Amino acid sequence: MGKKKRATGIAGDAFLAAQLSDPRVRHHFEQRRIVHEVAIAVRGMRMGAGLTQAQLASRIGTSQPTIARLEKGLDVRTPRWDTLQRIARALGRQLKLKFAASSDDDQLVEVEQPARKNRAAATAAAPLRTHRLGSSGRRA
């Protein structure tokens, strides 16, 4: 019997770079990346605050399925600014817009850890993690 050939696959980074050279593909990729990073950030903050999707929805005047879709990144559109502001306020946060120097390696969405005022507050509050996502969409 002869040797079986081993599948080698394709070089993912090279393939992605070639695909992203098309401006239309790059536009859609960047839109999906934003939606994905927002989804991860909202879910992490909600869970860190100890809220269910239904509780967060109630606080911002929407439905639980709307929060579920946002957290799963199922919508093709980027979440609306006013929706994200309401979510931020409901979670005791402030939404900021930042124009930063362009870099493919930086995350698009960053969640700051809350400042800890004293030891008692630190033990009572659930810790939130900063989500940093690389250009591949994976946590770095």
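## A tour by selection

Start with Arg-80, Asp-82 and Arg-86, which are joined in a network of salt bridges. The coordinates come from a predicted model. Show the side chains of Arg-80 and Asp-82: the salt bridge between them spans 3.0 Å from N to O. Arg-80 is exposed, at 57% relative accessible area, whereas Asp-82 is partly exposed, at 29%.

**Asp-75 and Arg-77**

Next, select Asp-75 and Arg-77. These two residues also form a salt bridge, with 3.2 Å between the closest N and O atoms. Which of the two counts as exposed? Arg-77 does, at 56% relative accessibility. Asp-75 has 32% and counts as partly exposed, because the exposed class begins over 50%.

**Arg-26 and Glu-30**

Now go to helix α2, residues 23-48, and pick out Arg-26 and Glu-30. Their closest N and O atoms lie 3.3 Å apart, in another salt bridge. How far apart are Arg-26 and Glu-30 in the helix? They are 4 residues apart, so about one helical turn separates them. Arg-26 is partly exposed, with a relative accessible area of 30%; Glu-30 is partly exposed too, at 35%. In total, the structure contains 7 salt bridges.

**Where α2 meets α4**

Keep α2 on screen and add helix α4, residues 64-72. The two helices pack with their axes 6 Å apart and at an angle of about 125°, which means that α2 is oblique to α4. To see the contact itself, select Val-38, Ala-39, Val-42, Arg-43 and Arg-46 on the α2 side, and Leu-70, Glu-71 and Lys-72 on the α4 side. What kinds of residue make up this contact? There are 4 nonpolar and 4 charged residues, and no polar ones.

**Ala-90**

Move on to helix α5, residues 81-90, and select Ala-90. Is Ala-90 buried or exposed? Ala-90 is buried, because its relative accessibility of 16% falls under the 20% cut-off. Apart from neighbours within four places in sequence, Ala-90 touches Leu-56, Arg-59 and Ile-60. Add Ser-58 and draw a distance between C-alpha atoms: Ser-58 and Ala-90 are 32 residues apart along the chain, and their C-alpha atoms are separated by 9.6 Å.

**The whole chain**

Zoom out and show the chain as a cartoon. The secondary structure consists of 6 helices and 0 strands, so the order of elements from the N terminus reads α-α-α-α-α-α. Of the 140 residues in the chain, 26% are buried. Among contacts between residues at least 6 apart in sequence, 58% join residues at least 24 apart.

**Colour by pLDDT**

Finally, colour the model by pLDDT. The mean for the chain is 79, and 77% of the residues reach 70 or more. Which helix has the highest mean pLDDT, and which the lowest? Helix α3, residues 53-60, has the highest, at 98, and helix α6, residues 119-124, the lowest, at 41. Select residues 118-140 last: the pLDDT there is below 50, and the stretch has 49 contacts in the model beyond near neighbours in sequence. Where pLDDT is low, predicted coordinates should not be read in detail.

Conventions. Residues are numbered from 1 along each chain as its sequence is written. This is a predicted model: local features need pLDDT of at least 70, side-chain atom pairs count only at pLDDT 80 or more; totals for chains, interfaces and linings use all residues. Side-chain values use heavy atoms; hydrogens and water are left out. A salt bridge is a side-chain nitrogen of Lys or Arg within 4 Å of a carboxyl oxygen of Asp or Glu. Buried means under 20% relative accessible area, exposed over 50%, partly exposed in between (1.4 Å probe, protein chains only). Axes are lines fitted to C-alpha atoms, for helices over the stretch in contact, and angles run from 0 to 180 degrees between N-to-C directions. Angles under 35 degrees count as roughly parallel, over 145 as roughly antiparallel, 65 to 115 as roughly perpendicular and the rest as oblique. Contact means heavy atoms within 4.5 Å. Ala, Val, Leu, Ile, Met, Phe, Trp, Tyr, Cys and Pro count as nonpolar, Asp, Glu, Lys and Arg as charged, and the others, Gly among them, as polar. pLDDT is the predictor's confidence in each residue, from 0 to 100.
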